[in-house]
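Welcome! Here are some exercises to work through at your own pace, each followed by a worked solution. Have the viewer open and try each task before reading on.

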Amino acid sequence: MLYELTAYELNKKLQKKEFSSKELTDAVNSRIESVEKNVDAYVTFIEGKPDNNDNVAGIFRNIPVAVKDNICTKGIKTTCSSKILENYVPIYDATVVKKLKEARVAFTGKTNLDEFAMGSSTENSAFKITKNPWDTKRVPGGSSGGSAAAVAAGECIAALGSDTGGSIRQPASFCGVVGMKPTYGLVSRYGLVAFASSLDQIGPITKDVTDCAHLLKAIAGHDAFDSTSLNTEIPDYPKALTSNVKGLKIGVIKELVAEGIESGIEHVFSEAAKKLESKGAQIVEVSMPHIEYALPAYYLIAPSEASSNLARFDGVRYGFRAQAEDLLEMYKKTRSVGFGEEVKRRIMLGTYALSTGYFEAYYGQAQKIRTLIIEDFKKAFEKADVLVSPTTPSTAFEIGEKTDDPLQMYLSDIATIPANLAGIPAISVPCGLSEGLPVGFQIMGKHLDEMTVLKTAYALEQTIEFKEKPKLN
Amino acid sequence: MIDKKEVEYIANLARLEVSEKEAKKFTSQLGVILEHVAKISEIGTKEIKPTSHAVEINNVLREDKVDNEVSKEESLSNAPDSEEGAFKVPRII
């Protein structure tokens, strides 16, 4: 089936004219028609026409690609899965969307997320709960759950997500696909609805590491519209795709394979690490003594930034407005009706952490912990070229299992958060199944060293040969 | 730890309206979360500098020249209410 192939494979076949672009789009559309009712990955669908220009660089021409619905698309609703933006139609394209248009992708639609990307299960969407294609009683992870589920279910070939504390890698892990958070600043955030600006980063969610490298190449690069965009030369990422890891030092972060990790995950993960070792890589154990403080620091920094970023939703210039007698009442009613519970919880947590009397103890202290985490990484990277861990402490959990207990939900980000705090690149690659559910292998690299991360990921993929597919009908 | 009065105070700062029931729920949930994050106070950080961005952030300056003009109609296209080319809001005083 065409929808089961990767972008790289499809591009080859399109060039050989084994089928037409229209046949490919039709194949994915009919797949959407048959499985979307069970997956609920999309918020909005996009219809387009195949592109006939043969002189487009890259492999994504006419490849069906989905975009997370917190990334602005000109003339197409961008809801953030929130009631407050339910009818918001951006007047501009995010830079990544502009770049994908230049690559002539065939957009399939906008995917569901936890409202404003706040969550780890996509249950916080104001519109629908996306299901995990491996087991529709389970969550796809979050917040990019719609994108990860769509890729896993064959409802698109590749997708974009955003990652603030693991929102690309955790759902990729839960859905058995590849997801990468690039170095902070590598991909422009212009047009990404801001959650926590010092942590947010857009990245690829794909079926394999090859597509990931190609998609990253398509979206990376300096952008004058994003003041945090790095002005650096973009390497040719697909060149990293060699399985040669001889002599590569791989550091297993000891604190992330300790207590709290499901035994099934630990087993699949260490088997995968052994396979890399058999390919000539050297496995070393590294310690990051402050890593246990990363999660609490993150859940102060991210909500603090969010409380400030989300102040713009006031019912004046765009979005939902509640009727009221005066302005103050209008603000309050608009925000109370427009925002869901988790978003309100985080706005309040952030407002509290920034308020007089608590600022130093909470936000100030969390920023200092962030420094310590960065120093831990620096020391760890003296001993290893890449650092690895399971992406998540558990496999996909059941729908409803953690919705009443926010803290338990937060704890599922324990292994992914450190990379956001340090701004370094990290990828999740499927490395096997535990009780029938996918397990993700996380590889973190030095600042701007996407090449080594991709090389290691590719070697892992080649040795594991993870071929299982969700049995979804 | 945080009490209901503080939750109501914070909600007002954040321009949120919380019902009696919500205030109770948020008080207990925020209490649990704050208890967990308070862990960060275990570490002495007197000598540690805070990090606000993981990468160095510099001011980005450019010539003050219009090159990406947005029309008034476009700017107002998502407005819940507008009049004579301006955003319209309920009375302030």
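## Exercise 1: The two domains of chain A

Task: work out how many salt bridges the rule finds across the interface of domain 1 of chain A and domain 2 of chain A, then describe that interface.

Solution. The rule finds zero salt bridges across the interface of these two domains of chain A. Keep in mind that this is a predicted model.

Step 1: locate the parts. The domain assignment of chain A places domain 1 at 2-242 and domain 2 at 292-367. Their C-alpha centres lie 27 Å apart.

Step 2: look at the contact. In domain 1 of chain A, 19 residues are in contact with 20 residues of domain 2 of chain A. Between them the two domains bury about 1600 Å², with 66% of it on carbon and sulfur atoms. On the domain 1 side, A:Ile84, A:Met118 and A:Phe195 lose the most area to domain 2, together 39% of what that side buries.

Step 3: look for polar partners. The count between the two domains of chain A is 10 residue pairs in polar contact, both residues at pLDDT 80 or more. The touching side of domain 1 divides into 10 nonpolar, seven polar and two charged residues.

## Exercise 2: Where chain B meets chain A

Task: find how many salt bridges are counted between chain B and chain A, and say which helix gives the largest share of the side of chain B that touches chain A.

Solution. Step 1: take the overall extent. Here 54 residues of chain B are in contact with 68 residues of chain A. The area buried between the chains is about 5400 Å², and carbon and sulfur atoms give 68% of it. In chain B, B:Leu16, B:Ile40 and B:Asn78 lose the most area to chain A, together 13% of what that side buries.

Step 2: count the salt bridges. There are three between chain B and chain A. One of them joins the side chains of A:Lys344 and B:Glu22, at 3.4 Å from N to O.

Step 3: assign the helices. α1 (4-13), α2 (20-37) and α3 (72-76) of chain B each supply at least two residues of the side that touches chain A. The largest share, 10 residues, comes from α2(B). The whole touching side of chain B divides into 29 nonpolar, 13 polar and 12 charged residues.

## Exercise 3: Unusual backbone and a covered helix

Task: which two residues does a cis peptide bond join, and is A:Phe116 buried or exposed?

Solution. Step 1: recall the usual case. Most residues other than glycine have a negative phi, and most peptide bonds are trans.

Step 2: find the exceptions. A cis peptide bond joins A:Gly142 and A:Ser143, with omega about 10°. A:Ser143 lies in the loop between β3 (106-111) and α4 of chain A. A:Phe116 has its place in the loop between β3 and α4 of chain A, and its phi is positive, near 55°. A:Ser81 has a positive phi near 50° and lies in the loop between β2 (64-68) and α3 (95-102) of chain A.

Step 3: check burial. A:Phe116 counts as buried because its relative accessibility is 3%. A:Ser81, at 0%, counts as buried too.

Step 4: move on to α4(A), residues 145-153. Nine of its nine residues are buried, and just after this helix A:Gly154 takes a positive phi of about 75°.

How values were computed
Residues numbered from 1 in each chain as written. Chains lettered and ligands numbered in written order. Predicted model: local features only at pLDDT ≥ 70, side-chain atom pairs only at ≥ 80, totals over all residues. Heavy atoms only, no water. Buried < 20%, exposed > 50% of the residue type's maximum accessible area, 1.4 Å probe, protein only. Helix = DSSP H or I, 4+ residues; strand = E, 2+ residues; numbered from the N terminus. Domains from an automatic or database assignment. Contact = heavy atoms within 4.5 Å. Buried area = accessible area lost by both parts, 1.4 Å probe. Salt bridge = Lys/Arg side-chain N within 4 Å of Asp/Glu carboxyl O. Polar contact = N/O pair within 3.5 Å; in protein donor to acceptor, adjacent residues only side chain to side chain. Nonpolar A, V, L, I, M, F, W, Y, C, P; charged D, E, K, R; others polar.
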